[in-house]
Amino acid sequence: QKIVLLDGATVKVVDAAVSMPEILDEGVFLIENVSIGRQPYPTMAAIYIVRGDEEAISAIIKDFTPPTQKLASGRTGPMYAEAHLFFSTAISSSLM
């Protein structure tokens, strides 16, 4: 199973192209906003559909950086088993 992560702008783009129930019918377990706190699913694949900006890239990096202290969620490693990245805008070479 997979989790789809969207930012505020890509929610609107994806919603214009396909309905959320249609996404869930394709084996997606959950659709979440990358900008807010989320529960870890360390055995699932994450599909990020986000803008290529600093905020989105920082959120992705944070998801795969082990925490330095114990979190309330109990997370000790990456939020997800793997990441598939799709960007709705270009990414600068410095962010890449």
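Modeller: Let's start with a definition: helices are DSSP runs of H or I with at least four residues, strands are DSSP runs of E with at least two, and both are numbered from the N terminus. With those names, Phe64 has its place in the loop between α3 and β4. This is a predicted model, where local features need pLDDT of at least 70 and side-chain atom pairs count only at pLDDT 80 or more, while totals for chains, interfaces and linings use all residues. Residues are numbered from 1 along each chain as its sequence is written, and side-chain values use heavy atoms, with hydrogens and water left out.

Colleague: Okay, rings next. What makes Tyr48 and Phe64 an aromatic pair, and which kind is it?

Modeller: The rule takes rings of Phe, Tyr and Trp (its six-membered ring) and pairs them if their centres lie within 6.5 Å; planes under 30 degrees apart count as stacked, over 60 as edge-to-face and the rest as tilted. By that rule there are four aromatic pairs. For Tyr48 and Phe64 the centres are 6.5 Å apart and the planes make 55°, so the pair passes and is called tilted. Tyr48 is in strand β3 (residues 41-50) and Phe64 in the loop between α3 (54-63) and β4 (80-87), so the pair ties together parts 16 residues apart in sequence.

Colleague: Why is Tyr48 called buried, and what is Phe64 called?

Modeller: Buried means under 20% relative accessible area, exposed means over 50%, and partly exposed is in between (1.4 Å probe, protein chains only). Tyr48 comes out at 0%, so buried it is. Phe64 has 28%, so it goes down as partly exposed.

Colleague: And what kind of pair do Tyr48 and Tyr80 make?

Modeller: Their centres are 6.4 Å apart with 80° between the planes, so the label is edge-to-face. This one links distant parts of the chain, with Tyr48 in β3 and Tyr80 in β4, 32 residues apart. Tyr80 has a relative accessible area of 2%, so it is buried. Put together, Tyr48, Phe64 and Tyr80 form one aromatic cluster.

Colleague: How do you know that β3 is paired with β4?

Modeller: Two strands pair if DSSP finds at least two bridges between them. β3 and β4 have seven, in the parallel sense. One example is Ile49, whose bridge partner in β4 is Phe86. Strand β1 (residues 2-6) is joined to β3 by five bridges, also parallel: Ile3 has Ala46 as its partner, and Leu5 stands opposite Tyr48. β1 also runs parallel to β2 (residues 28-33), with five bridges, and there the partner of Leu5 is Glu32.

Colleague: What makes you say β3 is largely enclosed?

Modeller: Seven of its ten residues are buried, so the rest of the structure largely encloses β3. β1 is mostly covered as well, with four of its five residues buried.

Colleague: How do you know where the buried residues of α3 sit around its axis?

Modeller: The buried ones are Ala56, Ile57, Ala59, Ile60 and Asp63. They cover an arc of only 160° (taken from the directions from the helix axis to the C-beta atoms), so they lie on the same side of α3. Glu54, Glu55, Ile61 and Lys62 are exposed on the other side. As background, an α-helix has 3.6 residues a turn, so residues three or four places apart point the same way.

Colleague: What makes an empty space a cavity, and how many of 30 Å³ or more are there?

Modeller: On a 1 Å grid over the protein atoms alone, a cavity is a set of points where a 1.4 Å probe fits but cannot get out. Points are joined across faces, edges and corners, and the volume is the space filled by probe spheres set on them. One cavity reaches 30 Å³ or more, and the largest has a volume of about 40 Å³. Lining residues have an atom within 4 Å of a point; here they are Asp7, Val34, Ser35, Arg51, Asp53, Glu55, Ala56 and Ala59. Ala, Val, Leu, Ile, Met, Phe, Trp, Tyr, Cys and Pro count as nonpolar, Asp, Glu, Lys and Arg as charged, and the others, Gly among them, as polar. That splits the lining into three nonpolar, one polar and four charged.

Note on methods
1 Å grid on protein atoms, 1.4 Å probe; cavity = no way out; pocket = protein on both sides within 12 Å on 5 of 7 lines; lining within 4 Å.
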